Amino acid sequence: MVCREEKDYLLLAVNNTQVGTLLVDKNDKIIHSNKAANDLIGKNNIIGKILPEIMPISMQFSKKGDFNLPLNGIYSLRENKKVLSYSLIFDKYALVFLEPLENNMILNQLDFMAYHDELTLLPTRVLLRDRIHQDFSIARRNSEKVAILFLDLDDFKKINDHFSHREGNLVLQVIAQRLSSVLRESDTVSRIGGDEFVIVIRVRDVKSILHVVKKIKDVISQPIEIGQEKVSVSASIGISLYPDEGENSEELIHKADIAMYRAKSKGKGCYAFYDDTLTTETTEETKLKIEIQRALKKKEFELYYQPIVSLYSGKVISAEALIRWHHPERGLVLPNEFIPDIEGGPLIAQIGEWTIEETCKQLKILRNENIQINISVNISANHFQKIGFSQFIEETLKRYELKPEDLIIELTERTLMKDSPVTRSTISELDFLGVKISLDDFGTGYSNLKYLATLPINILKIDMSFIRHMLSNPRNSEIVKAIVALGKSLGILTVAEGVENEKQFEKLKEYKVDAIQGYYLSPSLKSSEFVEFVSTPTKLSL
């Protein structure tokens with residue numbers, strides 16, 4: 001009886017509403033419809049039809065009862081009529097309300113949101129793909145080319161770190177507006193994620209592309225005001241061409257992406273064209289640089305930490321941060337397999353800054369665990385002499401609320417050999433801040449005692465080659481003894497690297513080395529393993 005009353009009530013509702021309405025039973029069968037619904041659907045004889053037959057929409061949703069209808073959903077239906085449905089589920093029946101698509105503001109808004117980036121209002125990848133296909137068709141008719149420009153902002157992470165993600169989003173919005181302002185109405189600029197944009201233009205020749213690239217670089221480089229400060233942004237741009245490098249939109253976007261990483265390997269604010277040599281690289285070095293750029297972006301690098309233990313207390317007093325590369329094809333790659341190939345270029349500074357950032361994150365974790373040790377970071381000569389290095393160190397330490405003495409900058413003798421005004425100035429600035437300087441691999445380079453006499457060196461690390469042959473070669477043994485004595489006379493901490501066995505350990509105790517590191521104590525450890533290691537009392541027999 002209840003079901004009968006419910007049906008009569010629902011029939012009355014269908015017949016007395018001006019909105020297109022269907023009454024559907026639990027098997028999706030239409031049992032009643034009004035004139036407005038028939039007009040929208042374009043048929044009069046729909047009674048007894050199954051709803052999906054006339055409205056081919058996806059019905060797989062979480063819903064009340066046994067109904068396959070979308071509950072309170074908004075969906076585009078039927079290509080020719082373009083209507084949308086709202087479903088209201090009862091125990092045995094459902095009302096489906098219909099109205100013209102063009103009259104519905106909510107659906108129009110949803111449709112816009114589905115194809116446009118919420119932050120910048122630029123087309124998303126879905127709409128981008130459609131625009132590219134349209135450009136392909138037009139280009140074929142007009143004997144034109146289509147250029148795909150993959151644009152990535154340089155060092156955008158620094159803006160988020162220095163300010164906040166909110167200010168970073170404002171910068172992205174400004175960049176989006178500027179890109180749109182210098183492109184033609186027929187061009188497309190899309191944000192496909194993060195700080196990555198794709199621009200699509202139809203051109204006659206390469207000269208036209210370069211003209212657009214120049215306009216893009218010029219408009220992006222204009223300062224952007226954030227509060228009381230101004231920031232300057234640059235971008236790396238990779239370019240692929242239709243039909244020269246392919247006829248598939250995703251393939252061309254991917255190739256432009258590869259070319260963008262090639263541009264980044266040249267330095268900031270550069271551009272590069274894709275060509276077949278990028279898939280069969282003529283030099284392994286070029287390929288490596290592109291892979292490293294991608295690795296930084298895809299977060300393939302990780303820091304391991306090798307403990308340094310005091311021979312006086314037996315406790316962990318420090319650690320050395322060591323970079324590892326989790327290569328998707330080659331597996332774990334050690335730094336000696338890729339660092340030497342990039343040491344003289346701009347990539348080494350990017351890796352150096354990443355390493356400092358990650359080390360400070362680790363130090364923050366240790367402080368939160370109430371573990372008071374410092375960590376040393378190896379810095380290349382090229383990175384150390386970069387203008388603003390000490391300022392970057394100071395800002396990063398402040399951002400993670402760390403003390404200057406928490407971080408140790410580890411340099412090689414080769415860095416000090418350059419003895420440039422920049423080198424001396426940077427060391428002085430770090431010393432003024434309170435950041436310690438460690439001299440790595442001491443004794444293997446062109447050792448010059450004037451460094452120790454005139455520069456604020458805090459730590460001497462005795463190269464492992466001396467330690468390895470210390471027991472079999474008396475000269476090596478005397479060198480180690482002399483370095484330790486030199487350190488003590490100058491008040492400089494001495495650390496023996498590469499200690500691998502008990503005999504070496506005992507000899508170093510005899511020479512009164514201050515601290516040791518090496519496999520005898522521990523290999524390099526992942527972050528979580530390292531925290532556990534330093535949290536456990538060291539079982540070092542002194």
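Two residues are said to be in contact when heavy atoms of theirs lie within 4.5 Å of each other. With that meaning in hand, this report looks at a predicted model, in which local features need a pLDDT of at least 70 and side-chain atom pairs count only at pLDDT 80 or more, while totals for chains, interfaces and linings use all residues. Residues are numbered from 1 along each chain as its sequence is written, and side-chain values use heavy atoms, with hydrogens and water left out.

**The chain as a whole**

The secondary structure comprises 21 helices and 21 strands, where helices (H or I, at least four residues) and strands (E, at least two) are DSSP runs numbered from the N terminus. Among the contacts with a separation of 6 or more, 62% join residues that are 24 or more positions apart. Of the 542 residues, 48% count as buried, a word that stands for under 20% relative accessible area, whereas exposed is over 50% and partly exposed lies in between (1.4 Å probe, protein chains only).

**Two residues inside the chain**

Glu-410 and Ser-380 can be set side by side.

| Residue | Place | Relative accessible area |
|---|---|---|
| Glu-410 | strand β17 (residues 407–412) | 2%, buried |
| Ser-380 | loop between β16 (374–378) and α13 (381–384) | 11%, buried |

When residues up to four places away in sequence are not counted, Glu-410 touches Glu-320, Ser-376, Val-377, Asn-378, Ile-379, Ser-438, Asp-440 and Lys-461. One of these partners, Ser-376, is 34 residues from Glu-410 in sequence, and the C-alpha atoms of the two are 6.1 Å apart in space.

Ser-380, with its neighbours within four places in sequence left aside, is in contact with Glu-343, Ile-348 and Thr-415. In addition, a polar atom of the side chain of Ser-380 lies 3.1 Å from the backbone nitrogen of His-383.

**Where two helices meet**

Helix α5 (residues 125–142) packs against helix α9 (residues 249–266) at an angle of about 105°, and their axes are 10 Å apart. This makes α5 roughly perpendicular to α9, a label that covers angles of 65 to 115 degrees. On the α5 side, Arg-125, Leu-128, Arg-129, Ile-132, His-133 and Phe-136 meet Ser-249, Glu-250, Leu-252 and Ile-253 of α9. The residues of this contact divide into five nonpolar, two polar and three charged, where Ala, Val, Leu, Ile, Met, Phe, Trp, Tyr, Cys and Pro count as nonpolar, Asp, Glu, Lys and Arg as charged, and the others, Gly among them, as polar.

Conventions: Axes are lines fitted to C-alpha atoms, for helices over the stretch in contact, and angles run from 0 to 180 degrees between N-to-C directions. Angles under 35 degrees count as roughly parallel, over 145 as roughly antiparallel, 65 to 115 as roughly perpendicular and the rest as oblique. A polar contact is a pair of N or O atoms within 3.5 Å; within protein, one must be able to donate a hydrogen and the other to accept it, and residues adjacent in sequence count only if both atoms are side-chain atoms.
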